[in-house]
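Work through the exercises below with the sequence and the coordinates open. Try each task before reading its solution.

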Amino acid sequence: MINVFNAPPEGIQPAPHDPRMIAAGYRVAVREVDLSGVRDKDSLMLALLRGLALSESFGRNWDALYDVLTDPEARPTRFALVLCDYAHFRKRHKNLGAELEAVLLDAQRDAARQGRNLWLLAEEPAHDTRHW
């Protein structure tokens, strides 16, 4: 797999194996959002609040998420957001997933206009290979 941090961010990309370790070598800050327990928009916003280490004052809406991701004071210049269990989330929540993706891609484009990098990385859980 090509290292995603060798190129400018482009859409939602598959996460490399051990993204934190690779990102450290490229001086990219990483935060992970676990989407496995998301049931609705409220639980999605809670997962984002936790994953992005936001304060309770986070507005828990699309505009607030966009602002957090594009605020140069809130995010480093080189930042990766790892979306854990993203494919399953998108299957379970088609509309909610489409809304989230639109906000994330808008934030990624705005960050690029600011001369910043926002990688959006989809990570899937490892398959259980144990035999019973």
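The exercises cover the sheet, one helix, salt bridges and backbone angles of this predicted model.

**Exercise 1. The sheet**

Task: Find the strand order of the four-stranded open sheet, and state which strands stand at the edges.

Solution:
- Step 1. Read off the pairing. The four strands follow the order β1-β4-β3-β2, and the pairing is parallel.
- Step 2. Locate the edges. β1 (12-14) and β2 (29-34) each have a single partner strand, so one side of each lacks a neighbour in the sheet.
- Step 3. Check the twist. On average, neighbouring strands of this sheet are turned by 30° against each other, with direction ignored.
- Step 4. Zoom in on one pair. β1 and β4 (residues 117-123) run parallel and are joined by three bridges. P14 has A122 in β4 as its bridge partner.

**Exercise 2. Helix α3**

Task: Determine which residues of α3 (residues 62-70) are buried, what covers them, and which residue caps the N-terminal end of the helix.

Solution:
- Step 1. Apply the cut-off: buried means under 20% relative accessible area. In α3, W62, A64, L65, V68, L69 and T70 are buried.
- Step 2. List the cover. The elements over these buried residues include two helices, α2 (41-51) and α5 (94-113), together with the strands β3 (78-84) and β4.
- Step 3. Inspect the N-terminal end. N61 is the cap: one of its side-chain oxygens lies 3.1 Å from the backbone nitrogen of D63.

**Exercise 3. Salt bridges**

Task: How many salt bridges does the structure hold? Describe the pairs R92 with D85, E101 with R90, and R109 with D106, including the exposure of each residue.

Solution:
- Step 1. Count. There are six salt bridges in the structure.
- Step 2. Take R92 and D85. Their closest N and O atoms are 3.6 Å apart. R92 is partly exposed, at 39% relative accessible area. D85 counts as buried, at 10%.
- Step 3. Take E101 and R90. Here the closest N and O atoms are 2.4 Å apart. The pair links distant parts of the chain: E101 belongs to α5, R90 belongs to α4 (residues 86-92), and they are 11 residues apart. E101 is partly exposed at 25% relative accessibility. R90 is partly exposed too, at 26%.
- Step 4. Take R109 and D106. Their side chains meet at 2.4 Å, N to O. Both sit in helix α5, three residues apart, so about one helical turn separates them. R109 is partly exposed, with 43% relative accessible area. D106 is partly exposed as well, with 37%.

**Exercise 4. Positive phi**

Task: Examine the phi angles of A53 and R60, place both residues, and classify each as buried, partly exposed or exposed.

Solution:
- Step 1. Recall the background. Most residues other than glycine have a negative phi.
- Step 2. Read the angle of A53. Its phi is near 55°, a positive value in a residue other than glycine.
- Step 3. Read the angle of R60. Its phi is positive, about 55°, although R60 is not a glycine.
- Step 4. Place them. A53 lies in the loop between α2 and α3. R60 is in the loop between α2 and α3 as well.
- Step 5. Classify. The cut-off for exposed is over 50% relative accessible area. A53 has 52% and is exposed. R60 has 33% and counts as partly exposed.

Technical notes. Residues are numbered from 1 along each chain as its sequence is written. This is a predicted model: local features need pLDDT of at least 70, side-chain atom pairs count only at pLDDT 80 or more; totals for chains, interfaces and linings use all residues. Side-chain values use heavy atoms; hydrogens and water are left out. Two strands pair if DSSP finds at least two bridges between them. Axes are lines fitted to C-alpha atoms, for helices over the stretch in contact, and angles run from 0 to 180 degrees between N-to-C directions. Buried means under 20% relative accessible area, exposed over 50%, partly exposed in between (1.4 Å probe, protein chains only). Contact means heavy atoms within 4.5 Å. A polar contact is a pair of N or O atoms within 3.5 Å; within protein, one must be able to donate a hydrogen and the other to accept it, and residues adjacent in sequence count only if both atoms are side-chain atoms. A salt bridge is a side-chain nitrogen of Lys or Arg within 4 Å of a carboxyl oxygen of Asp or Glu.
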